[in-house]
Amino acid sequence: MQQSVNAQYSIFIGPNVKFEGSIFTPTSANIEGEVVGKVQAKDLLIGKTGKVTGDVTAESIHVHGQLGQEVSCSSHLVIHESGQLSGTVLYATLEIMRGGKLEGALLQIEETAQA
């Protein structure tokens, strides 16, 4: 049986899918569609077609699509070339690739130790 490309993610929201509500996963989430609500994950990947609006909490976040509202990242936040982030952002480390867009209030926090 062939293993799915997205098998490393415990939550996958595909393109053209809209989800409203809360998502919690102790591991990783990949958002290629649209999520409106609360997202809590260890690692969050928002793909180029992904859009997340709401309260987001994660250790690491990679934004290739759109992310907005309240964002809390306790380790590493990366806004890639096609990524757009807007809202209130709490972060430990922040990396913005050329072309990435960031608009909002920023507050740097101390990075939490990973177990």
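This note goes through the predicted model in numbered points, from strand pairing to single residues.

1. **Strands E2, E3 and E4.** Start with E4, which covers residues 34-46. Strand E2 spans residues 18-24 and pairs with E4 in the parallel sense over 7 bridges. One position to look up is Glu-20, whose bridge partner in E4 is Val-36. Strand E3, residues 28-31, is also joined to E4, through 4 bridges, and these two run parallel. Here Ser-28 has Asp-43 in E4 as its bridge partner.

2. **From E4 to E5.** Follow E4 onward to E5. The two pair in the parallel sense, with 12 bridges. To find the register, look at Val-39, which stands opposite Val-56 in E5.

3. **From E5 to E6 to E7.** Strand E5 holds residues 51-63, and strand E6 holds residues 66-79. They are parallel partners over 12 bridges. Ile-61 stands opposite Leu-77 in E6. E6 is in turn joined to strand E7, residues 84-96, by 12 bridges, and this pair runs parallel. His-76 is a useful marker, with Thr-93 as its bridge partner in E7.

4. **The nonpolar core.** Which residues touch the most other members of the largest nonpolar core? They are Leu-44, Val-52, Ile-61, Leu-67 and Leu-77, out of 22 residues in that core. E3, E4, E5, E6 and E7 are the elements that each give two or more residues to this core. As background, nonpolar side chains tend to be buried together in soluble globular proteins.

5. **Ile-61 close up.** Take one core member and list its contacts. Setting aside neighbours within four places in sequence, Ile-61 is in contact with Leu-44, Val-56, Leu-67, Val-71, Ser-72, Cys-73, His-76, Leu-77 and Val-78. Two of these names, Leu-44 and Leu-67, were met above among the core residues that touch the most other members. Leu-77 is also the residue opposite Ile-61 in E6.

6. **Ser-60.** Next, a polar residue. Ser-60 lies in strand E5. Is Ser-60 buried or exposed? It counts as buried because its relative accessible area is 14%, and the cut-off for buried is under 20%. The side chain of Ser-60 makes a polar contact with the side chain of Asp-43, at 2.5 Å. Beyond neighbours within four places in sequence, Ser-60 is in contact with Lys-42, Asp-43, Leu-44, Cys-73 and His-76. Asp-43 also has a place in the strand pairing, as the E4 partner of Ser-28.

7. **Thr-25.** Where does Thr-25 sit? Its place is in the loop between E2 and E3. Thr-25 is buried because its relative accessible area is 4%, again set against the cut-off of under 20%. Its side chain makes a polar contact with the side chain of Ser-10, at 2.4 Å. Not counting residues up to four places away in sequence, Thr-25 touches Ser-10, Ile-11, Gln-40, Ala-41 and Lys-42.

8. **The salt bridge.** How many salt bridges does the structure hold? It holds 1. The side chains of Glu-20 and Lys-18 meet in a salt bridge, with 3.5 Å from N to O. Both Glu-20 and Lys-18 are exposed. In general, side chains of opposite charge can pair when their charged atoms come close. Glu-20 also appears in the strand pairing, with Val-36 as its bridge partner in E4.

How values were computed:
Residues are numbered from 1 along each chain as its sequence is written. This is a predicted model: local features need pLDDT of at least 70, side-chain atom pairs count only at pLDDT 80 or more; totals for chains, interfaces and linings use all residues. Side-chain values use heavy atoms; hydrogens and water are left out. Two strands pair if DSSP finds at least two bridges between them. Buried means under 20% relative accessible area, exposed over 50%, partly exposed in between (1.4 Å probe, protein chains only). A polar contact is a pair of N or O atoms within 3.5 Å; within protein, one must be able to donate a hydrogen and the other to accept it, and residues adjacent in sequence count only if both atoms are side-chain atoms. Contact means heavy atoms within 4.5 Å. A salt bridge is a side-chain nitrogen of Lys or Arg within 4 Å of a carboxyl oxygen of Asp or Glu. A nonpolar core is a set of buried Ala, Val, Leu, Ile, Met, Phe, Trp, Tyr and Cys residues joined through side-chain atoms within 4.5 Å.
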